[in-house]
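Me: Please take a close look at the aromatic rings of this structure. Then follow the chain outward from them, and explain each step in plain terms.

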Amino acid sequence: MNHQTMTTDDYLNLLVNDIHSTVLSTIGQDNRPKSRIVDMMLTKNGKLYFLTANFKPFYTQLQNNSAVSITGRHGTDTMSSYAITVEGDVREIGNTYLDEIMDKNPYMKDLYPTPEKKATLSVFEVYRGTVAIFDLSVTPPYQAAFQLGH
């Protein structure tokens, strides 16, 4: 990976395609952090997309507080790894891109196989914030941050 030529979109693509499963943290109603594993489904036009079902506490947390922190790591051990963190704000965009996400991630059709179950899904867009990279697989380690959506 050539960090000198990489853009925010390149790092978002790594997060979606190479890392995919990330730790996403929100703030709960008790003002305490809440974390879970969430797959990053799509990046488009400098934004990052994931989804959840509208009956989950996660959905309610996103409705109540748009701030999120998303971190993913790729590599087999510490010194061969890089991590990407996105911190920012999300907004619900409903079923926009839902069909594209389902086509790109066919396992979602197994999790939500009926039209009724699919109808519970809502797409969220990370539309502003920062994207940070920390790469320990290179010497010296590489660290940088980029704006998202500005």
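**Aromatic rings and their surroundings**

Reply: Across the whole structure, which is a predicted model, a search turns up five aromatic pairs. One of them is formed by Tyr 59 and Phe 124, whose ring centres are 5.9 Å apart with the planes at 75°, so this pair is edge-to-face. An angle over 60 degrees is what earns that label. The two partners come from distant parts of the chain: Tyr 59 belongs to helix H2 (residues 57–64) and Phe 124 to strand S7, with their positions 65 residues apart in the numbering.

Both partners count as buried, because the limit for that word is under 20% relative accessible area. Tyr 59 has a relative accessibility of 16%, and Phe 124 has 1%. The two also belong to one aromatic cluster, together with Phe 50 and Phe 58.

Phe 58 leads on to another feature, as this residue is among those that line the largest pocket. The space in that pocket is about 190 Å³. Other lining residues include Arg 36, Asp 39, Thr 52, Lys 56 and Tyr 112. By type, the lining has eight nonpolar residues, one polar and three charged. Strand S2 (33–39), strand S4 (47–53) and helix H4 (107–111) each give at least two of these residues. The greatest share comes from S2, which gives four.

S2 in turn is the partner of strand S1, and seven bridges hold the two in an antiparallel pairing. One such contact sets Thr 26 against Lys 34 in S2. The hairpin made by S1 and S2 has five residues between its strands, and Asn 31 there has a positive phi near 60°.

In a regular strand, side chains alternate between the two faces of the sheet. S1 (residues 21–27) has a covered face with Thr 22, Leu 24 and Thr 26, while Ser 21, Val 23, Ser 25 and Ile 27 make up the uncovered face.

From S1 the pairing can be followed back to the ring of Phe 124. S1 runs antiparallel to strand S5 (residues 67–74), with three bridges between them, and Ser 25 has Ser 69 in S5 as its bridge partner. S5 next pairs with strand S6 (residues 82–94), again antiparallel, through eight bridges; here Gly 72 is opposite Ile 84 in S6. S6 then joins S7 (residues 121–135) through 12 bridges, with the two strands antiparallel. In that last pairing Val 90 lies opposite Val 126 in S7. S7 is the strand that holds Phe 124.

One further ring deserves a mention. The charged end of Arg 91 sits over the ring of Tyr 127, at 3.9 Å from the ring centre.

For contrast with the buried pair, take Ala 145 in strand S8 (residues 142–148). Ala 145 has a relative accessible area of 57%, so this residue is exposed. Its C-alpha atom is 28 Å from that of Tyr 59, and the two residues are 86 apart along the chain.

Terms used. Residues numbered from 1 in each chain as written. Predicted model: local features only at pLDDT ≥ 70, side-chain atom pairs only at ≥ 80, totals over all residues. Heavy atoms only, no water. 1 Å grid on protein atoms, 1.4 Å probe; cavity = no way out; pocket = protein on both sides within 12 Å on 5 of 7 lines; lining within 4 Å. Points joined across faces, edges and corners; volume = space filled by probe spheres on them. Nonpolar A, V, L, I, M, F, W, Y, C, P; charged D, E, K, R; others polar. Buried < 20%, exposed > 50% of the residue type's maximum accessible area, 1.4 Å probe, protein only. Pairing = 2+ DSSP bridges. Phe/Tyr/Trp six-rings, centres within 6.5 Å; stacked < 30°, edge-to-face > 60°. Lys NZ or Arg CZ within 6 Å of the ring centre and 35° of its normal.
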